Amino acid sequence: MSSAVRLLPVAIVSLVFGFAGAWLFAMSGLASNSVREYMLAHPEILPEMAENYQRAEAAKRLGDLSGEVERPFPGAVLGNPDGKVTLVEFSDYGCGFCRESVADVKALLAENPDARVVMREWPIFQGDSEAAARMALAAARQGKYAAFHDAMFAAGQPSPATIEAAAKAAGLDMAAAREFAASPAATFELQKNIDLARKLGFEGTPSWVAGEAVFSGAVGRDRLIEALEAARKGA
């Protein structure tokens with residue numbers, strides 16, 4: 001099941017509660033007559049109210065985690081490693097929507113040379129997603145993360161054959177890569193990403209953090225650029 005499909009029920013429930021809460025408040029007598037009359041006359045504002053509520057809750061969850069979330073595993077960065085503005089992506093090589101987002105991230109970085117994308121390996125799909133994530137961390141250790149990242153997504157679904165091919169295409173020292181991929185250090189990093197994703201309330205991949213914005217899905221280049229610009233202004 002795709003990450004977007006798994007996220008849909010959560011989004012629907014959140015939206016329903018947002019609508020219901022706003023509507024009940026308006027009808028309860030707690031709101032002023034003018035507020036109730038305005039909401040009755042303009043029900044189209046309810047989705048916006050629900051969205052704003054969800055954004056506020058996401059920012060609250062981010063709280064003191066932002067520094068940790070933006071601190072990359074050494075080498076697991078796309079774009080300018082010393083970039084002044086940061087986008088964080090929680091990603092899985094088995095995720096089709098993550099694959100769709102590769103071109104959007106490339107376009108964002110091409111237009112923003114002062115930006116970096118901190119990649120957090122979060123293998124939540126069954127199969128060989130975790131093996132691919134471990135090899136990605138090994139590639140980061142060798143300073144070849146971007147090459148492996150691109151080759152792995154281009155190779156299709158993770159499997160022993162595609163992971164091996166992507167690692168060789170990236171020019172990894174295979175013996176050293178296999179050793180690190182199986183190491184406690186790689187396990188620790190993956191568990192840390194699982195914990196961060198849980199604390200941020202993420203349900204699927206890709207998921208993103210930019211400044212105080214926390215959101216999920218293959219949202220497209222424009223939404224990513226918008227989030228990056230907001231993070232830049234807030235820096």
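1. A helix, as the word is used in this note, is a DSSP run of type H or I with at least four residues, and helices are numbered from the N terminus. The model discussed here is predicted. Helix α6 covers residues 129-141, and within this helix Arg 134 and Glu 130 are four residues apart, which means that about one helical turn separates them.

2. Arg 134 and Glu 130 are joined by a salt bridge, with 3.0 Å between the closest N and O atoms. The two partners may be considered in turn. Arg 134 has a relative accessible area of 14% and is buried, because buried means under 20%. Glu 130, at 39%, is partly exposed.

3. How many salt bridges does a search of the whole structure find? The search finds nine. One of them is formed by the side chains of Asp 150 and Lys 106, with an N to O distance of 2.9 Å. This pair links distant parts of the chain, since its residues are 44 apart: Asp 150 belongs to helix α7 (residues 145-155), and Lys 106 belongs to helix α5 (residues 96-111). Asp 150 is partly exposed, with 29% relative accessibility. Lys 106 is likewise partly exposed, at 43%.

4. A salt bridge also brings together the side chains of Glu 164 and Arg 178, at 2.7 Å from N to O. Glu 164 is in helix α8 (residues 160-169) and Arg 178 is in helix α9 (residues 174-181), so the bridge ties together parts lying 14 residues apart in sequence. Glu 164 has a relative accessibility of 24% and counts as partly exposed. Arg 178 is partly exposed as well, its relative accessible area being 42%.

5. Salt bridges can also share residues. Asp 114, Glu 229 and Arg 232 are linked by salt bridges in a network.

6. Helix α5, which holds Lys 106, merits separate comment. It has 16 residues, which at 1.5 Å a residue should span 22 Å; the C-alpha atoms at its ends are 24 Å apart, and this agrees with the expected value. The helix nevertheless has a kink of about 30°, centred on Val 102.

7. Which residues of α5 are buried? They are Cys 98, Ser 101, Val 102, Asp 104, Val 105, Ala 107, Leu 108 and Leu 109. Val 102, where the kink is centred, is thus listed among the buried residues. The elements against which the buried residues of α5 pack include the strands β1 (77-79), β2 (85-91), β3 (115-121) and β4 (207-210). Helices α7 and α11 (221-234) also pack against these residues.

Methods: Residues are numbered from 1 along each chain as its sequence is written. This is a predicted model: local features need pLDDT of at least 70, side-chain atom pairs count only at pLDDT 80 or more; totals for chains, interfaces and linings use all residues. Side-chain values use heavy atoms; hydrogens and water are left out. A salt bridge is a side-chain nitrogen of Lys or Arg within 4 Å of a carboxyl oxygen of Asp or Glu. Helices (H or I, at least four residues) and strands (E, at least two) are DSSP runs, numbered from the N terminus. Buried means under 20% relative accessible area, exposed over 50%, partly exposed in between (1.4 Å probe, protein chains only). The expected span of a helix is 1.5 Å times one less than its number of residues. The bend at a residue is the angle between axes fitted to the seven residues ending there and the seven starting there. Contact means heavy atoms within 4.5 Å.
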